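Open the model in your viewer and keep the selection panel handy. Let's walk through it together, one selection at a time.

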Amino acid sequence: MKKIVLATFFSLSLFASKAQSAIDIEHGKTVTSNGIEYSYAITNERDEETYSRYEVTIKAQNKSGCQLIYLKNDNITNIFDGDPSVIARFECLNATGKRLTSKGANLKARPFTVPYNQPEKNAEGKTVFRTVRVQGGFLLKNGSSVSNDLIVIVPKGEKPRFKINIQNFSELTTE
């Protein structure tokens with residue numbers, strides 16, 4: 001029994017070390033990670049009888065001084081439902097989700113393509129090459145930003161409180 005408990009504890013500690021911790025973010029402030037600034041802004045608010053409704057814009061801006069390229073790799077799993085383009089997930093901690101509103105949203109890098117010379121056989125049976133564009137991954141150019149809009153409902157009198165889960169690419173290595 002003691003061995004099972006120790007093995008379970010060891011496995012959970014390994015899993016916890018790879019899990020990403022959420023970062024709290026305040027309205028009007030930025031959080032910087034790997035040269036990307038994350039923020040959110042309330043663009044509209046309205047109080048109803050029993051709740052407060054907020055329109056929110058979430059944003060990530062690359063201020064690293066270089067382009068950030070996330071290579072497409074089907075073997076990499078992540079915390080964002082298997083979507084490799086997601087660079088961060090904003091979660092509203094006090095959102096109710098009522099009236100078909102959001103509790104959170106993702107920010108995604110834009111896809112980029114690279115040329116590839118694809119060999120083909122022509123009518124005479126000779127191999128010829130045709131250039132095609134294939135998706136190489138996802139890109140966040142220096143100085144560019146990505147944003148997403150969402151509507152959240154929180155209990156009346158409260159402001160939305162957000163946390164961010166940021167995609168950690170530090171474990172990717174070239175071998």
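The tour goes from a sheet to a loop and then to some salt bridges.

Before you click, note that this is a predicted model, where local features need pLDDT of at least 70, side-chain atom pairs count only at pLDDT 80 or more, and totals for chains, interfaces and linings use all residues. Residues are numbered from 1 along each chain as its sequence is written, and side-chain values use heavy atoms, with hydrogens and water left out.

**Stop 1: the sheet**

Select strands β1, β11, β6 and β7: they form an open sheet in the order β1-β11-β6-β7, with antiparallel pairing. At its edges stand β1 and β7, each with a single partner strand, so each has one side without a neighbour in the sheet. Neighbouring strands here are turned by 25 degrees against each other on average, direction ignored; the axes behind such angles are lines fitted to C-alpha atoms, for helices over the stretch in contact, and angles run from 0 to 180 degrees between N-to-C directions. Strands are DSSP runs (E, at least two residues), numbered from the N terminus, and two of them pair if DSSP finds at least two bridges between them.

**Stop 2: strand β6**

Now select residues 86–92, which make up β6. Is this strand largely enclosed or open to the outside? It is largely enclosed by the rest of the structure, because five of its seven residues are buried. Buried means under 20% relative accessible area, exposed over 50%, and partly exposed in between (1.4 Å probe, protein chains only).

Add residues 104–108 to see β7, which pairs with β6 in the antiparallel sense over five bridges. Here Ala-88 has Leu-107 of β7 as its bridge partner. Next add β11, residues 162–166, also antiparallel to β6 over five bridges. Look for Phe-90, which stands opposite Ile-164 in β11.

**Stop 3: Ile-25 in β1**

Move to β1 (residues 23–25), where you will find Ile-25. This residue is buried, at 6% relative accessible area. Its bridge partner in β11 is Phe-162, and β1 and β11 pair antiparallel over three bridges. Which residues does Ile-25 contact, leaving aside neighbours within four places in sequence? They are Val-31, Tyr-38, Ser-39, Tyr-40, Phe-162 and Ile-164, where contact means heavy atoms within 4.5 Å. Try a distance label too: the C-alpha atoms of Ile-25 and Phe-90 are 9.4 Å apart, although 65 residues separate the two along the chain.

**Stop 4: a loop residue**

Select Ser-144, in the loop between β9 and β10. A polar atom of the Ser-144 side chain lies 2.7 Å from the backbone oxygen of Lys-141. Beyond residues up to four places away in sequence, Ser-144 touches Ala-60, Gln-61 and Asn-62.

**Stop 5: salt bridges**

Finish with the charged pairs: the structure holds eight salt bridges, each a side-chain nitrogen of Lys or Arg within 4 Å of a carboxyl oxygen of Asp or Glu. Three of them to display:

- Arg-46 and Glu-48 meet at 2.6 Å, N to O. Arg-46 is partly exposed at 42%, as is Glu-48 at 27%.
- Glu-91 and Arg-89 meet at 2.5 Å, N to O. Glu-91 is partly exposed at 21%, and Arg-89 is partly exposed at 23%.
- Glu-120 and Arg-130 meet at 2.8 Å, N to O. This pair links distant parts of the chain, with Glu-120 in β8 (residues 110–121) and Arg-130 in β9 (residues 127–140), ten residues apart.

Methods:
Helices (H or I, at least four residues) and strands (E, at least two) are DSSP runs, numbered from the N terminus. A polar contact is a pair of N or O atoms within 3.5 Å; within protein, one must be able to donate a hydrogen and the other to accept it, and residues adjacent in sequence count only if both atoms are side-chain atoms.
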